[in-house]
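The exercises below work through one structure, each with a task and a stepwise solution. Keep the sequence and the model open while reading.

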Amino acid sequence: MPENKRDYYEVLGVSKGASEDEIKKAYRKTAKKYHPDLNPDNAEAEAKFKECNEAYEVLSDPEKKARYDQFGFAGVDPNFGAGAGGFGGGFGGFDGDIDLGDIFSSFFGGGFGGGARNPNAPRKGRDIQSAVTITFEEAAKGCKKQIEVPRVEDCSQCHGTGAAEGSNPETCPECQGRGFINVQQRSILGTINTQTTCSRCGGKGKIITNPCTKCQGKGKVRKRTKVDIDIPAGIDNRQVVNLRGYGDTGINGGPAGDLKVVVNVRSHKEFERDGFDLLYKKHVSIIEATLGAELRVPTLEGDIKYNMPAGTQPGEVFKLKGKGIQRLNGVGKGDMFVTIVVDIPQNVTSEQAKLLREFDKTYVPPKNPGKKGFFDKFK
């Protein structure tokens, strides 16, 4: 065995008795792992790729495989059997050109140059994004808004062809409309055929000799377009409304992309939101909390009356069922939770202070060892 040269079966990771199908599968896996397209600027991967190609070239050929099994590397040496019929020339038994496109298209469906994308096939346009700001109430109830967005559209003068009126794009003579060309490179493995983007048409497959004056041959123009948006009730801050088909127009007759509108909801001066529930703090006086009172509570539908019972404690929460926010794309509404905040008076007059002290003397607190007077409950 030549120095530093690995056994072909070892290179592909198969046993000597491996079947043709097993050898093919092993080669497919190894070649894909070390292919130069997947390992740019990796000299070691390139060397291993060439090594697995060399191994497969021998082991996939029944005649060469038989000679290799019997004589080793000498059996596939180009000079082996010279003068007695010989076994052909070329490096290591590689005769003629190697078309990597053919090899990989048969194994991987053309993923390495054998199945380049058709530049004239329909393609979907790019998705675009915008934003809109609405009030808290608009988010809760839903609303309609109009925004202006910059989007790419077909040129109205050439209708997207890029060619001036009365002319049409021509098929690129360099690549015959494919958008790519085959390039041959000599290597120690023989002549390797690869594919590269056509420099003449830039991969478009077409050449415009008489470009449209409005779009300069691009076939597309950027235009500000007004779009009406239906914002559903119950939407929350930073949620997105998707408008299908309102993005950039497609290429070669493909569908337009989508417009994704981010909804920014302004905060409310009184309400807070928790999912589809509303949170509200209602301030009351000590007297109202003690004796009870009819409160006026604001909601998204207007003020309502609520009878607060006597003896309501600070921080107590009351639920107003169905007074919250419409459930997004659902049925019903959330609830509203009202937290009672008891305001402790400040800067009372001497007369008011005297009356409060008199009341505190006559007040008998509940049997609670931690409290001594009426005002202790608010401390």
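Ser130 lies in strand S2. The model is predicted, so local features need pLDDT of at least 70 and side-chain atom pairs count only at pLDDT 80 or more, while totals for chains, interfaces and linings use all residues. Residues are numbered from 1 along each chain as its sequence is written, and side-chain values use heavy atoms, with hydrogens and water left out.

**Exercise 1. A residue in a strand**

Task: Determine whether Ser130 is buried or exposed, and list its contacts beyond its neighbours within four places in sequence.

Solution.
- Step 1. Fix the terms. Strands (E, at least two residues) and helices (H or I, at least four) are DSSP runs, numbered from the N terminus. Buried means under 20% relative accessible area, exposed means over 50%, and partly exposed is in between, with a 1.4 Å probe and protein chains only.
- Step 2. The relative accessible area of Ser130 is 17%, so Ser130 is buried.
- Step 3. Contact means heavy atoms within 4.5 Å. With neighbours within four places in sequence left aside, Ser130 touches Ile147, Val149, Leu259, Lys260, Val261 and Val262.

**Exercise 2. The sheet around S10**

Task: Find which strands pair with S10 and in which sense, then give the strand order of the sheet.

Solution.
- Step 1. Two strands pair if DSSP finds at least two bridges between them.
- Step 2. S2 (residues 128–134) pairs with S10 in the parallel sense over 7 bridges. In this pairing Thr133 stands opposite Asn264.
- Step 3. S9 (residues 240–243) runs antiparallel to S10, and 4 bridges join them. Here Leu243 is opposite Leu259, and Asn242 is opposite Lys260.
- Step 4. The result is an open sheet of 3 strands with mixed pairing, in the order S2-S10-S9. S2 and S9 are the edge strands, each pairing on one side only. From one strand to the next, the twist averages 25 degrees; axes are lines fitted to C-alpha atoms, and angles run from 0 to 180 degrees between N-to-C directions.
- Step 5. In S10 (residues 259–265), 5 of the 7 residues are buried, so this strand is largely enclosed by the rest of the structure.

**Exercise 3. The two sides of a helix**

Task: Sort residues of helix H4 into buried and exposed, and state what the buried ones pack against.

Solution.
- Step 1. H4 covers residues 62–71, and its buried residues are Lys64, Lys65, Arg67 and Tyr68. Seen down the axis of H4, they fall within an arc of 165 degrees, so they line one face of the helix. The arc is that of the directions from the helix axis to the C-beta atoms.
- Step 2. Pro62, Glu63 and Gln70 are exposed on the other side of H4.
- Step 3. The buried residues of H4 pack against helices H1 (8–12), H2 (20–34) and H3 (43–59).
- Step 4. Check the ends. At the start of H4, a side-chain oxygen of Asp61 comes to within 3.0 Å of the backbone nitrogen of Glu63. Just after H4, Gly72 has a positive phi of about 75 degrees.

**Exercise 4. A loop residue**

Task: Locate His35 and decide whether it is buried or exposed.

Solution.
- Step 1. His35 sits in the loop between H2 and H3.
- Step 2. With a relative accessible area of 4%, His35 is buried.
- Step 3. His35 and Ala45 are 10 residues apart in sequence and 7.1 Å apart in space, C-alpha to C-alpha.

**Exercise 5. Positive phi outside glycine**

Task: Compare the settings of Gln216 and Asn252.

Solution.
- Step 1. Recall the background: most residues other than glycine have a negative phi.
- Step 2. Phi of Gln216 is positive, near 55 degrees. Gln216 belongs to the loop between strands S7 (206–207) and S8 (220–231), and it is exposed at 56% relative accessible area.
- Step 3. Phi of Asn252 is also positive, near 55 degrees. Asn252 is in the loop between S9 and S10 and is partly exposed, with a relative accessible area of 36%.

**Exercise 6. The whole chain**

Task: How many helices and strands does the chain have, and what share of its residues is buried?

Solution.
- Step 1. The chain has 8 helices and 16 strands.
- Step 2. Of its 379 residues, 35% are buried.
- Step 3. Among contacts between residues at least 6 apart in sequence, 63% join residues at least 24 apart.

How values were computed:
A polar contact is a pair of N or O atoms within 3.5 Å; within protein, one must be able to donate a hydrogen and the other to accept it, and residues adjacent in sequence count only if both atoms are side-chain atoms.
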